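This report looks at charged pairs, a helix, a surface patch and the cysteines of one model. Please keep the sequence and the structure in view while reading.

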Amino acid sequence: MNSQVVCYFNGSFVPLQDAKVGVMTHAFNYGTACFEGIRAYWNADERQLYAFRLADHFDRLRRSAHMLMIELPHDRDTLCEITRDLLERNAFEGDVYVRPLAYLSSEMIGVRLHNVEHGFVIYAVPFGDYIETGGIRAITSSWRRIDDNAAPARAKLTGIYVNSAFAKTEAFLNGADEAIMLTDDGHVSEGSAENLFALVAGELVTPPPTDNILLGITRDTVIRLAEDRLGMQVCQRSIDRSELYGADELFLCGTGAQIVPITQLDHRAIGGGRVGPVTTAISRGYMDVVHGRDGRYQEWLTPVYQREPDKRP
Ligand code: PMP
């Protein structure tokens, strides 16, 4: 790791290579941490780095932390400013992934949430595409998405990601790129780290919050873009597995994944095996928004550098 990179670790900025935890750390042993995945996009024309929906990510982090009985060390505005400062200190000039993480830090044996110390870190690393964005093969996972009554599905808790890891590796070992997980009662839930949208009989549908999904910030962005750019109201309802086979378009979305069209599901071509027009429009719209090229969504962007946009004639 580049020795110049700094992170924010329990109250101060330190070299990333010095931010270490011990092997007995509670979160390392029991998965008792919560985190966020945030992207910042480099706009080369403006020579500006835009962090996307920072405040919304820290709101979700606070909700996740609340479920773990962790209190975050700072309020939302301070967390946003620390993140901006962190990105500026690292002088990134390219796309970046930002990972805040609040964790149970005591070095002790004992599975519980109470009477345990807390730690907090934010680090950032250069980051390109997480998965192929040109049309992927997906399979329905034999692993069910964790049920909210087993562990809170709407919280972004590290321990829950073992569920995603099982599904993702099963997909990979079966020659596919991604897994779609169902709920315990057999409805479509989401991908291993993405929410899912389907175009069914001309209507854009996505599973509701009660089908054990993580309430994605990209999902929310897509709902807004579908309305603003395409005049389409997204319907949030439970979806059957076999509805997906007949869908005209299918795509996954998430901060890391961005907008990922699915062109094959369980060995069946979706929409003739080509990326459809709705997915293409959403994907283009999304890239415009996150790079600061669409003036309507400026409130979602935090510019990292204190420079005026380059005003060329
Ligand atoms: N579901 C899961 C399980 C995820 O890990 C993610 C990625 N954070 C998402 C959905 C998409 O959420 P977001 O758009 O907020 O990144």
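## Salt bridges in helix 3

A salt bridge is here a side-chain nitrogen of Lys or Arg within 4 Å of a carboxyl oxygen of Asp or Glu. The model is a predicted one, and a search of the whole structure finds 19 salt bridges in it. Side chains of opposite charge can pair when their charged atoms come close.

Arg 84 takes part in a salt bridge with Glu 88, at an N to O distance of 3.1 Å, and also in one with Glu 81, at 3.0 Å from N to O. Because Arg 84 and Glu 88 are 4 residues apart in helix 3, about one helical turn separates them. Glu 81 also lies with Arg 84 in helix 3, which covers residues 76-89, and these two are 3 residues apart, again about one turn of the helix.

How buried or exposed are Arg 84 and its partners? Arg 84 has a relative accessible area of 11% and is therefore buried, the limit for that class being under 20%. Glu 81, at 39% relative accessibility, counts as partly exposed, and Glu 88, at 30%, is likewise partly exposed.

## A further pair and a network

The side chains of Arg 237 and Glu 243 form a salt bridge with an N to O distance of 2.8 Å. Arg 237 is partly exposed at 26% relative accessibility, and Glu 243 is partly exposed as well, with a relative accessible area of 23%. Elsewhere, Arg 229, Asp 288, Arg 293, Asp 294 and Arg 296 are joined into one network by salt bridges that share partners.

## Helix 2 and the residue after it

Helix 2 comprises the 14 residues 54-67, which at 1.5 Å a residue should span 20 Å, and the C-alpha atoms at its ends are indeed 20 Å apart, so the expected and computed spans agree.

Which residues of helix 2 are buried? They are Leu 54, His 57, Phe 58, Arg 60, Leu 61, Ser 64 and Ala 65. Seen down the axis of helix 2, these buried residues fall within an arc of 160°, and they therefore line one face of the helix. Just after helix 2, Met 69 adopts a positive phi of about 65°.

## A nonpolar surface patch

Val 23, Met 24, Phe 28 and Ile 109 together make a nonpolar surface patch of about 490 Å². Ile 109 is found in the loop between strand 6 (96-104) and strand 7 (118-126). At 69% relative accessibility, Ile 109 counts as exposed, since the class begins over 50%.

## Cysteines without a disulfide

How many disulfides does the structure hold? The number is 0. Cys 235 is in no disulfide, and the cysteine sulfur nearest to its own, that of Cys 253, lies 16 Å away. Seen from the other side, the closest cysteine sulfur to that of Cys 253 is in Cys 235, and because the separation is 16 Å, the two are too far apart for a bond; a disulfide would require the sulfur atoms to be within 2.5 Å.

The two cysteines can also be described by their accessibility. Cys 235 is partly exposed at 23% relative accessibility, whereas Cys 253, with a relative accessible area of 1%, is buried.

Note on methods. Residues numbered from 1 in each chain as written. Predicted model: local features only at pLDDT ≥ 70, side-chain atom pairs only at ≥ 80, totals over all residues. Heavy atoms only, no water. Buried < 20%, exposed > 50% of the residue type's maximum accessible area, 1.4 Å probe, protein only. Patch = residues over 30% accessible without salt bridge, like charges linked within 9 Å, V, L, I, M, F, W, Y side chains within 5 Å. Areas by Shrake-Rupley, 256 points an atom, 1.4 Å probe, with all protein chains shown as cover. Expected span 1.5 Å × (residues − 1). Arc of directions from axis to C-beta.
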